[in-house]
Amino acid sequence: MALEIVLITGMSGSGKSVALHALEDAGYYCVDNLPPELLPAFVALEHHHHGNRLAIAMDVRSATSLHQVPQELKRLRSQGVSVQSIFLDATIDTLVRRFSETRRRHPLSHADLQQGRRALVQIIEVERELLAELRDQSHVIDTSTIRSSQLQSYVKSLLTTTRGQLTLVFQSFAFKRGIPMDADYVFDVRMLPNPHYEPALRDLTGLDEPVARFLAQQSEVLLMQEHIAQFLAHWLEFLDRNHRSYVTVAIGCTGGQHRSVYLVEQLSKVFSDRWTALRRHRELDGR
């Protein structure tokens with residue numbers, strides 16, 4: 001059986017420990033904060049002792065050797081190892097709040113310095129620069145507005161995807177809670193007829209048949225779905241040729257409850273015959 005490795009990286013405070021716990025629950029042998037220079041020896045040793053599924057977390061604590069990681073991952077893939085890289089991210093405000101709530105010190109801060117908001121923001125910006133190359137080569141999950149249970153669910157869903165094949169992640173969201181940082185494409189559907197103003201539909205969601213039936217009868221909704229599908233059908237072929245592993249398509253409406261949810265469901269069906277298509281509903285999944 002081929003060796004499978006999941007690499008968890010990301011910003012400090014973005015939830016890497018939560019993701020690692022999800023992988024451990026899924027049967028992966030996990031290790032946190034592995035120095036990049038030890039990766040080849042560790043993979044060889046653990047493959048011999050602990051089987052075919054490894055999960056490794058690396059972060060900015062290994063800043064001086066992070067530049068080695070992309071090349072090592074490329075080498076492992078050339079040897080037939082299945083490598084999946086997941087990068088956890090969050091907004092600066094979210095990260096600052098999390099450090100404030102937990103009273104943790106950022107790994108890049110010096111013990112003899114005060115960690116006020118301004119200094120912490122600067123440190124986070126430096127960290128983001130150090131991790132930029134790893135982020136570009138990974139599937140990104142924005143943890144700013146999701147719960148730990150959502151993150152665990154999202155990570156586990158990625159384990160079911162077909163390695164080496166482009167995976168589409170369709171995600172609904174509410175503009176009032178911010179645009180997801182992990183989106184490759186963002187479509188605004190707030191101009192479409194809103195079921196919120198139909199008393200019988202207000203408390204339902206785009207997953208419910210009455211809402212789906214209402215939206216399917218709106219010509220603007222059908223036209224928007226057609227236009228998004230045409231755009232993606234054209235450009236996904238190019239992304240696949242460029243060896244992209246994941247593409248996240250975010251569709252937003254005002255509350256992330258009706259229109260965006262419905263379109264995510266419909267579009268995932270359209271593309272599931274050609275690609276692996278995952279569905280996420282940011283505002284509903286957290287209920």
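A residue counts as buried when its relative accessible area is under 20%. By that yardstick D89, at 0% relative accessibility, is buried in this predicted model. Even so, D89 has a charged partner: a salt bridge links D89 to R135, with the closest N and O atoms 2.8 Å apart. D89 belongs to strand β4 (residues 82-89) and R135 to helix α6 (residues 132-136), so the pair ties together parts that are 46 residues apart in sequence. R135 itself is partly exposed, with 24% relative accessibility.

That pair is one piece of a wider picture, as the structure holds 13 salt bridges. Another of them joins E283 to R177, and here the closest N and O atoms are 2.3 Å apart. E283 sits in helix α11 (residues 282-285), while R177 is found in the loop between β6 (167-174) and β7 (185-188), so this bridge ties together parts that are 106 residues apart in sequence. On the acidic side, E283 is buried at a relative accessible area of 11%. On the basic side, R177 comes out as partly exposed, at 40% relative accessibility. Salt bridges with shared partners also gather D32, D59 and R61 into one network.

A more local case turns up within helix α3 (residues 69-78). There, the side chains of E72 and R75 meet in a salt bridge, at 3.0 Å from N to O. The two residues are three apart in α3, which means that about one helical turn separates E72 from R75. E72 is buried, its relative accessible area being 18%; the cut-off for that label is 20%. R75, at 29%, is partly exposed.

Turning to helix packing, helix α4 (residues 92-102) and helix α5 (residues 117-130) make a pair whose axes come within 10 Å. Those axes cross at roughly 120°. Angles of 65 to 115 degrees would count as roughly perpendicular, and only those over 145 as roughly antiparallel, so α4 and α5 are classed as oblique to each other. The crossing is a right-handed one. From α4, the residues taking part are I92, D93, L95, V96 and F99, and they meet R117, L120, V121, I124, E125 and R128 of α5. Sorted by character, the residues of this contact comprise seven nonpolar and four charged ones, with no polar residue. Among the charged ones are D93 from α4 and R117 from α5.

Terms used
Residues are numbered from 1 along each chain as its sequence is written. This is a predicted model: local features need pLDDT of at least 70, side-chain atom pairs count only at pLDDT 80 or more; totals for chains, interfaces and linings use all residues. Side-chain values use heavy atoms; hydrogens and water are left out. A salt bridge is a side-chain nitrogen of Lys or Arg within 4 Å of a carboxyl oxygen of Asp or Glu. Helices (H or I, at least four residues) and strands (E, at least two) are DSSP runs, numbered from the N terminus. Buried means under 20% relative accessible area, exposed over 50%, partly exposed in between (1.4 Å probe, protein chains only). Axes are lines fitted to C-alpha atoms, for helices over the stretch in contact, and angles run from 0 to 180 degrees between N-to-C directions. Angles under 35 degrees count as roughly parallel, over 145 as roughly antiparallel, 65 to 115 as roughly perpendicular and the rest as oblique. A crossing is left-handed if the near helix is turned anticlockwise from the far one by less than a right angle, and right-handed if clockwise. Contact means heavy atoms within 4.5 Å.
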